[in-house]
Amino acid sequence: MEIITAHTNTDFDGLASMIAAQKLYPDAFIVFPGKVSRNVKEFLALHKDEFNIKPIKFVDFDKITKLIIVDTHNPKRVGAFAKLCDNPDVEIHIYDHHPAAECYLSSAYLSKGKKFVHVVEPVGAAATILVERIRERGISINSLEATAIALGIYSDTGCMLFSSTTARDVEAVKYLLDKGANLGVLSDFLNRYLLPEQQELLKKLLNSVESHDINGIKIVIASAVLDEFIDGLALMTHKLSEFERNDAIFTVVFMEDRVHIVARSSTPAVNCRDILHHFGGGGHNAAASASIKGVELNETVKRLLNVISTHVHAPLAVKDIMSFPVKTAFPETTVEEANKIMLRYGHTGLPVVKGLKLVGMISKRDVEKAVHHNLGHAPVKAYMNVNVHTVTPDTPVSKARDIMIAFDIGRLPVVKDDRIVGIVSRRDILRCMHTDLEDRHFTLFNTKGKTEICFKDKLIKALPEELISILHAASRVADKCGYKVYICGGIVRDIILGVKNLDIDLILEGEIIEFANAFAKEINAKKVNIHEKFGTAEVVLSDDFWIDVATARVEFYEYPAALPDVEKSSIKFDLYRRDFTINALAVSLNKGDMFKIIDYFGGFEDLEAGIIRVLHNLSFVEDPTRILRAVRFEQRYDMQMEPQTLRFLKDAVSKKLLLKLSDDRIWHELKIILNEPKALNMLQRLFELGAWDQVFPNVSYEAIKKVLDKINECIELLNEWGWQQQEEKWFLYFMAVVHHISLEHAKAACHKYSLSAKQIKKVEKTIENLNEVLRKLTTNSELKISEIYECIKDFPKEAYPLLLAKLDDRKALEMLKLTINKMNSCALYMSGDDIEDMGVRPGPIYKEVLNAVYKAKLDGKVNSKEEELDFAEKYIKKIGFN
């Protein structure tokens, strides 16, 4: 017999894990080792008949051969099943998410030669571990099972808000929602009303609240004494934390014959598991519990405070994270000069000092506004903010964070004795909250190798060994020549995001001819194409693989939408000419700085925040193609345009700057969009931003939206039917865009974007025949396959997705599917040579006869070659051909 069990007083994660385990062990019975929590009891009252649950009183312990334990690996918590853990004849399988340090079984029982499966992994809920295995094995689950399992994950992760929650938990929930998990049921059982006795307990706890400041951390302790056991102390603790602002909360309640402790923490400074370990309890860093028998309540509270005080260390202070010395401006510094300082160091604001005293702050936003109004010559004192929020070196980081949130401040000056001694930025705060966050500006912060190592690991994981070897070769050549070389742009962005990209662009601070030739020799390149005038080269390794090299340069635009003039420059100015901060990232390849990220403009921070941001306010004016690129990156990476960037973009659209571009430049960007997986989202976004009419004049987006919404589904459906896609995906979308307009306007769009004559012909055929094909397919429900074939044989295959999107008749759709399937599998055995053998002179008759035989085969009238030849002979006689 196989048994699945969990810990006593089973909660939702225990129940969910047992239900999930039963999918992996279909012959096993679910058996509760003791009491279950109130919410679980209420859930089972309605659903227990749907699961294979066996009461423990009906279990013959002597017949148990396999025991599957979930949501715990402490034999003391599995009731009567604990004795089986020491039985060498019983196979033990464990699935748990509590820290491995608490494992009571692995070392103790493996040494006895027992069969043992031990899966303990650091996720928010034990059910997540089991869901992953269900998914890997392709085991089907129904919506009820998905709902029950999701209850466990939501419950143990605090609806994904507990700090113990991992990305794996989120992925597991996504899978369960895809399988039909009912959020309404989850809400009902996770947000249950409080029973009268629970309400009374909550009141007692509220009345007993004591707040303690221990090393700068706010600790709340609430206690109560009850005559009888009341379920749900964990829920009461959670409710109490919503009333009392705290970093950690401990509830201590004497019930029946013992003291129960529940702990919740929202800060790494308080480790609930370590603290309650002193009381024989367990759990996670953020949530733990304990139960102690034979002790007094007051004694326990006093002891708890002593344990907490030894485990909570002094928090980080501002002096531990601030940057210094500080770049400052004087009241007389001009706005233009302040702007240059901020650009040079990537700052969003500058403290203004008089002598050594802080007198104000000037923000980048205010500086840009002044420059926009031709006030760059004005002193910063005219625009600085004199009501400056400051902190001291000893201010806790948590307090500095609260000030930033409360007043929406990006940089806090650190002041001691009225003198500015440092500055704290949002990024400094974020680095405390997210320890793996890389440094924003390599020129400002001492990275101690962290940034380089972190990116090196990502880069090596993302690129094949061949490309890594090429980068090392570039490094050797650059060092030998005394030049600096970098990889830049999209590949850096995509490696950080974990997106595949093998398109390497090298940027060189040096002479392109010398470097390109030496580099080509170093990697045994096939040839080198050098364009000295433009400072670029292609080092070609094969016909389909080459490395682009360009000298660092700066671009100047003489007028809006003009092509740029180019001059040699440094890597910083080369990056500054890019479109968005997320594309203005570089990685050094020189030996001393190998794989070090260079980020002057906050691109890394914007990637982390999911923000598309231009580098300056005239970006869209200088190059309106950036309007299309902004939309592409925003939708491709599920990002958002930063508000100021969005305002600049809308302003450029309202001025119709896209119309100043050549059609070729628009089409270059538009074609990339139409080949993107999220092309339809991008087209909709262009419409929302008002740019649609500038790229597709004469096309009403509202008129084609219904078709566009269905086109991807139709492409997938056709692929399932065996449809062979002839053209690139962009052409399928282009057909869907122009199908609704007149032939004249459609041809104009084709010529505008330089489609080939063959493609234009297909567009013409589609527009001319679409309505007629639809009419024939929908007005006669008894059409034979050959008749449908005759209807669509000259219709462009690239227009099939459009045809399906417009076809609402289910029966016609089924017949079309049958026809396409038949066309894919139907091929003639006979050929023109066989017709010639019949004594028929070559001519148009051959095509007519073969087409007639083919249609007969589609309808199942002929199958073998003999039948085809017989049909052909009869057909020739029938049409009276001599």
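Buried means under 20% relative accessible area, exposed means over 50%, and partly exposed lies in between (1.4 Å probe, protein chains only). Helices (H or I, at least four residues) and strands (E, at least two) are DSSP runs, numbered from the N terminus. This is a predicted model: local features need pLDDT of at least 70, side-chain atom pairs count only at pLDDT 80 or more, and totals for chains, interfaces and linings use all residues. Residues are numbered from 1 along each chain as its sequence is written, and side-chain values use heavy atoms, with hydrogens and water left out.

**Exercise 1. Describe strand 15 and its partner.**

Step 1. Find strand 15 at residues 419–425. Five of its seven residues are buried, so the strand is largely enclosed by the rest of the structure.

Step 2. Find the partner. Strand 14 (residues 411–416) runs antiparallel to strand 15, and six bridges join them. Two strands pair if DSSP finds at least two bridges between them.

Step 3. Pick out a facing pair. Leucine 412 stands opposite valine 424 in strand 15.

Step 4. Inspect the turn. The hairpin has two residues between its strands, and aspartate 417 takes a positive phi near 55°.

**Exercise 2. Do the same for strands 12 and 13.**

Step 1. Strand 12 covers residues 349–354 and strand 13 covers residues 357–363. They pair in the antiparallel sense over six bridges.

Step 2. Valine 352 stands opposite glycine 360 in strand 13.

Step 3. The two strands form a hairpin with two residues between them. In the turn, glycine 355 has a positive phi of about 70°.

**Exercise 3. Work out how helix 35 sits in the protein.**

Step 1. Check its length. Helix 35 (residues 810–825) has 16 residues. From first C-alpha to last it reaches 23 Å, close to the 22 Å expected at 1.5 Å a residue. The expected span is 1.5 Å times one less than the number of residues.

Step 2. List the buried residues: Ala812, Leu816, Thr819, Ile820 and Met823. Seen down the helix axis, they fall within an arc of 95°, so they line one face. The arc is that of the directions from the axis to the C-beta atoms.

Step 3. Turn to the face away from the buried side. Here helix 35 carries the exposed residues Arg810 and Ser825.

Step 4. Name the neighbours. The buried residues pack against several helices, including helix 29 (701–720) and helix 37 (844–858).

Technical notes. Contact means heavy atoms within 4.5 Å.
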